[in-house]
Each structure stands twice: as structure tokens, then as C-alpha cells.
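Subject: Handover of a structure and the findings on it

Dear colleague,

Please find below the structure that I am handing over to you. My findings follow directly after it.

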Amino acid sequence: MKRLFAKFYLQLSAGVIVLGILAVSAHTLWSDRLDTWRQAEQSSQNLLTALARDLAGNMGLLDLTLRGVMQDLNDGRLHDLPPELRHHMLFDRASTVGYLGSLLILDEAGDVVADAGAIVSRSANFSDRDYFLVHRQRPDVGLYVSHPFRSRLRHGDLSIAISRRLSHPDGRFAGVVMGAVSLSKIHQLFQDLRLGWDGTINLFRDDGILLMRKPFDEGQIGQDFGGSPYVQELLQGQSATFESVSPIDGIRRVISFGQLGGLPLVLTVALSVDEVFAAWTRKALIMSLMTGLLCLAVVGLTALFRSELNRRKTAETKLRRLARTDDLTGLPNRRAFREAFEREWRHAVRTKSSLALLYVDADFFKDFNDRYGHNQGDEVLRAIACTVDANIRRPRDMAARHGGEEFAVILPETDLAGARGIGENIRQAVETLGLVHANSPYRLVTVSIGVAAVRPLRGSTREALLEAADQALYGAKAAGRNCVRETHAGTAESEDIAFPYADAR
């Protein structure tokens with residue numbers, strides 16, 4: 001039971017250690033992953049904030065310039081000024097606006113009537129542009145951000161327009177004041193930022209039209225992504241960070257977005273999830289490998305310890321068996337006989353059953369050794385031991401070497417008649433071996449057997465049966481040897497039991 005408990009405790013300890021190692025490793029990796037994710041969110045949000053501040057500042061300044069131009073146009077004295085002074089008053093703020101490509105005033109027909117780039121306005125008509133059409137059709141638009149277009153005044157520079165409506169005093173459409181923003185300058189701003197191999201920056205209109213993107217692909221500029229759930233989430237919130245798959249290139253990213261002040265623009269900064277977790281993944285692989293090796297080491301040591309326990313158990317079992325086994329004959333020795341006799345005696349007392357005992361002694365064995373030598377004598381003892389052991393059949397029956405040339409046989413639940421029959425079988429089997437013994441009157445090796453049986457009661461002494469079997473053996477010796485004699489020890493109700501005693505073996 002102790003061995004079983006030790007094995008269970010060893011396996012339980014190993015299991016707890018392995019689970020502990022796995023739990024600590026998993027917790028560490030999960031904590032590191034959360035920290036990596038928080039750092040990625042913080043990095044993208046910080047970059048978004050810096051970019052949004054730059055873009056919103058310049059776009060807001062452009063809007064203020066447009067408002068200033070509209071205010072100056074309402075001043076009736078402006079038309080009485082010389083052209084140079086009138087140009088200066090209208091467009092003096094334009095020099096402070098970043099990313100500005102051109103600043104124009106269009107009349108109700110779409111013709112250029114004032115140009116920040118020249119005192120004498122360049123001749124052009126923009127009545128086909130979306131920023132002109134929107135303001136002519138809808139008085140309530142306010143600030144409008146156009147679709148991307150190729151500039152006609154700046155050699156096809158890719159641009160967007162920030163525009164406001166001009167109205168007559170009675171509310172009729174009077175034209176448009178617009179500032180063109182060069183997308184190449186915004187593209188350069190984006191390109192100077194390092195976001196990793198799959199990081200992106202996107203600038204959308206509030207309806208999902210893509211205005212600029214890093215990495216730059218002109219074929220994507222101006223496309224409408226408003227139907228994408230990804231873009232819808234951007235357009236519905238003020239600012240947030242989330243994880244999603246881009247509808248543009250299908251890469252999963254952690255995305256931070258925000259609106260540019262009061263402008264109808266949405267800016268996103270997105271970092272590749274694979275890149276964000278690249279270092280963590282390498283660390284996870286290394287840590288998983290180390291954890292696996294540690295777990296394997298624990299399992300291996302457990303198996304080694306268990307093997308050692310089994311080896312020790314086997315060795316101890318063997319030692320116990322050797323300590324209870326006679327080296328010469330292989331039968332249980334006197335110590336094992338005493339333990340078995342004690343066990344069967346207690347069982348007989350509990351069950352009130354009969355217990356029989358046989359003493360078997362080789363006849364004239366000293367004379368045999370003197371004539372044939374001890375080696376031959378050992379062979380005879382082995383032969384007798386095998387014969388005795390072969391003539392008992394039941395699992396609890398036991399034959400043991402009692403000492404010298406004497407053997408003992410314990411027969412549980414056997415009465416005197418049954419024990420005598422077994423004793424007679426043994427005597428005949430030994431005689432049948434035909435082992436020559438010239439110094440014996442029978443000219444063969446023979447045995448004398450004493451048989452005793454008892455039905456012990458609680459409180460009776462064990463020695464009664466031992467003494468009875470010994471007395472019976474002396475009786476067999478006294479009767480001329482090569483015979484079986486028995487004595488019934490009764491119920492062993494007291495220690496005062498007398499048996500016939502022979503004066504010699």
C-alpha cells in the first residue's frame with residue numbers, strides 16, 4: 001500500500017509541477033502579449049495624434065483663409081483698390097498655409113476671377129469640378145472636401161480642393177472660393193514615417209472616399225470604400241483603436257483612427273498584427289520550446305524515479321523471498337515456515353477449522369553423507385524437497401525446509417486422516433525415486449513422517465501442534481523408519497497434552 005501511495009504521490013507531484021510550469025509560461029506569454037498589444041495601440045494612437053494635429057492645423061488654417069477671403073469680398077471698398085493692393089488684401093493669409101497648391105475665386109459660371117498665384121488671374125473654367133457643382137446645387141453644404149483631381153493650373157498635380165460657397169446678398173449662387181491641397185505633399189509626409197513592412201496610413205473623406213494612402217497606389221486614390229464594414233466603423237466613431245482586416249489589401253491590422261477636427265476627414269494609422277507580434281511570436285516559440293523541454297525533463301525524471309522505485313521494489317521483493325527461501329532446496333526456510341504457521345493458526349482459530357502438520361525426515365542421512373559425501377547428500381535433499389512439494393496441491397498448502405534433513409508441511413483445513421494420506425503419498429514417492437543408500441537397511445533413501453492435526457480454539461497454544469507432530473515423527477523413527485505415524489492433538493483446549501515419546505530419531 002505504501003508503494004502504491006508513493007507511486008501515486010510521485011505521479012501527482014509530477015503532474016502538479018508540469019501543470020505549474022505550463023500555467024506560469026502561459027500566464028507570462030499572455031501578459032507579454034497584452035503588453036505588446038497595448039504598446040502597439042499606444043504607438044499607433046501617438047502617431048495618429050501627431051499626424052492629425054499637423055493635417056488638421058494646416059487644413060484648418062486653409063479654411064480660415066477661405067473665410068477671410070469671403071469676408072474681404074463682402075467689403076465694397078475692395079473693388080476701388082488697385083489690382084496689386086486688392087490681390088494682397090485677399091490672399092495675404094495664403095502664404096502661411098502648408099500643402100497649398102493654389103487658391104482661386106470662381107464666379108457663378110465657374111470662371112477664375114481671382115488667383116492667389118498671379119495678380120492677373122489665369123484664364124480657366126472649373127464649372128465641371130465636383131466642388132463647384134456641389135455648392136451651386138446645395139446652399140447648405142458649408143465646407144466641402146472634393147474628390148481627388150489632376151490640377152489644370154499646376155501641370156496635373158494630384159490634388160483635392162477645400163471650398164466654400166459664395167452667395168449674393170439675396171442668397172443666389174455667386175461662385176466658389178477654393179484652395180487646392182497638393183496630395184504629393186501629404187504623400188511625402190506619410191512616406192517619411194516608418195510603420196514597418198505592412199503598416200499603413202489612410203486619409204478618407206467622411207463618406208469613405210480614399211484621398212491618400214501609404215503605401216501609395218495611385219489606382220486606389222479616389223476609390224469609394226464607404227460600403228466596407230471596416231470603413232463604416234471608422235466613419236461612425238470619433239476616434240478608437242480596433243483590429244480588423246483591411247478591405248484594400250486584406251491584411252489584418254491594429255487600427256487607430258480619428259476625425260481631423262471639424263473637417264469631414266478621417267485619418268487612420270494601422271500596424272500589421274503579424275509585425276506587432278513578430279518579436280512576441282519568437283519569444284513565445286523559444287519559451288514554448290524551453291517549457292516543453294522542462295516538462296519532458298520532469299516527465300523523464302518521474303519515469304526514472306518510478307523505474308527506480310520499481311527496481312527497488314523488485315530488489316526488496318527478491319531479498320524478502322531470499323530471506324524466506326532455503327538456498328539448497330528452493331523451498332521456504334524455517335523463518336517462512338514460522339510466519340506461515342502463525343498465519344494459518346490464526347485462520348484456523350477464526351474459522352474453527354482443522355490444521356494439520358507433517359514433519360518429514362530423511363532416514364539415516366548422516367550415514368549417507370559419511371559414505372557418499374556432502375555433495376551427493378545435497379542432491380538427495382533437493383530430490384526429497386521436490387518430491388514433498390510435488391505432493392501438495394492446494395494454494396495454501398506449504399512445504400518448507402525445517403532444518404538439516406528435516407522438512408515441514410502445513411496443511412490448512414485438513415483433518416488427521418487426510419494429512420496421513422498425504423504423508424503416505426510423500427513416503428512412497430521418495431521411495432520410488434530409487435536413490436541408492438547402501439548404509440540403510442532398505443538399501444534406498446527413505447523418509448520417516450510424523451503427522452499431527454488439531455482444531456484450535458481461541459486461547460490455545462501453537463506449540464501443542466508442533467510438539468504433537470514432533471512426537472509423531474519420533475514415533476515413526478522408533479517404529480523402524482520409512483513409515484508414517486500420527487498423533488491427534490484434539491482441540492488444543494489446554495497446554496497439558498501428553499504424547500508418546502520415542503527415545504531416538
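The largest cavity in this predicted model holds about 60 Å³ of space. The count of cavities of 30 Å³ or more comes to 1. Its lining is made up of Ser102, Leu104, Phe126, Arg129, Tyr131, Phe149, Ser151, Arg152, Leu153, Arg154, Met178 and Ala180. By class, 7 of the residues that line the largest cavity are nonpolar, 2 are polar and 3 are charged. Two elements, β1 and β6 (173-182), each contribute at least two residues to the lining of the largest cavity.

Arg154, one of the residues in the cavity lining, may serve as a starting point for the surroundings. Arg154 is placed in the loop between β4 (149-150) and β5. Is Arg154 buried or exposed? Its relative accessibility is 16%, and because buried means under 20%, Arg154 counts as buried. Leaving aside residues up to four places away in sequence, Arg154 touches Gly101, Ser102, Ser159, Ala180 and Ser182. Of these partners, Ser102 and Ala180 also appear in the lining of the largest cavity.

I turn next to the largest pocket. Its volume is about 450 Å³. The lining of the largest pocket has 24 residues, and those closest to the pocket centre are Leu73, His79, Leu90, Ile105 and Val113. Which elements supply at least two residues each to this lining? They are α1 (2-73), α2 (83-91), β1 (100-106), β2 (112-115) and β5 (158-167). The element that gives the most is α2, with 5 residues. The lining of the largest pocket divides by class into 15 nonpolar, 6 polar and 3 charged residues. Strand β1 thus has a part in both places, with at least two residues in the lining of the largest pocket and at least two in the lining of the largest cavity.

Two further buried residues deserve a description. Leu183 is found in helix α4 (residues 183-191). Leu183 is buried, and its relative accessible area is 0%. Its contacts, not counting residues up to four places away in sequence, are with Pro148, Leu158, Ser159, Ile160, Leu211, Met212 and Ile221. Ser159 is touched by Leu183 and also by Arg154. Leu183 and Phe149 are separated by 34 residues in sequence, while their C-alpha atoms are 9.6 Å apart in space. Phe149 is itself one of the residues that line the largest cavity.

Pro264 is the other residue, and its place is in the loop between β10 (252-259) and β11 (265-272). With a relative accessibility of 19%, Pro264 counts as buried, because the limit for buried is under 20%. Residues up to four places away in sequence again being left out, Pro264 touches Leu143, Val145, Phe204, Arg205 and Asp206. From Pro264 to Leu235 there are 29 residues in sequence and 9.8 Å in space, C-alpha to C-alpha.

The packing of two helices was also examined. Two packed helices are described by the angle between their axes and the distance between the axes. For helix α9 (residues 365-372) and helix α10 (residues 374-390), the angle is about 135 degrees and the axes are 7 Å apart. α9 is therefore oblique to α10. On the side of α9, Phe365, Phe368, Asn369 and Tyr372 take part in the contact, and they meet His374, Gln376, Gly377, Val380 and Leu381 in α10. The contact of α9 with α10 comprises 5 nonpolar residues, 4 polar residues and no charged residues.

Finally, some points concern the backbone. Most residues other than glycine have a negative phi, and most peptide bonds are trans. Phe364 is not a glycine, yet its phi is positive, at about 50 degrees. Phe364 lies in the loop between β12 (355-362) and α9. Glu413, likewise not a glycine, also has a positive phi of about 50 degrees. The position of Glu413 is in the loop between β14 (406-412) and α11 (416-432), and Glu413 is partly exposed, with a relative accessible area of 45%. Which peptide bond is cis? The bond from Lys214 to Pro215 is cis, and its omega is near 5 degrees. Pro215 belongs to the loop between β8 (210-214) and α5 (229-236).

With kind regards

Conventions
Residues are numbered from 1 along each chain as its sequence is written. This is a predicted model: local features need pLDDT of at least 70, side-chain atom pairs count only at pLDDT 80 or more; totals for chains, interfaces and linings use all residues. Side-chain values use heavy atoms; hydrogens and water are left out. On a 1 Å grid over the protein atoms alone, a cavity is a set of points where a 1.4 Å probe fits but cannot get out, and a pocket is an open set with protein on both sides within 12 Å along at least five of seven lines; lining residues have an atom within 4 Å of a point. Grid points are joined across faces, edges and corners, and a volume is the space filled by probe spheres set on the points. Helices (H or I, at least four residues) and strands (E, at least two) are DSSP runs, numbered from the N terminus. Ala, Val, Leu, Ile, Met, Phe, Trp, Tyr, Cys and Pro count as nonpolar, Asp, Glu, Lys and Arg as charged, and the others, Gly among them, as polar. Axes are lines fitted to C-alpha atoms, for helices over the stretch in contact, and angles run from 0 to 180 degrees between N-to-C directions. Angles under 35 degrees count as roughly parallel, over 145 as roughly antiparallel, 65 to 115 as roughly perpendicular and the rest as oblique. Contact means heavy atoms within 4.5 Å. Buried means under 20% relative accessible area, exposed over 50%, partly exposed in between (1.4 Å probe, protein chains only).
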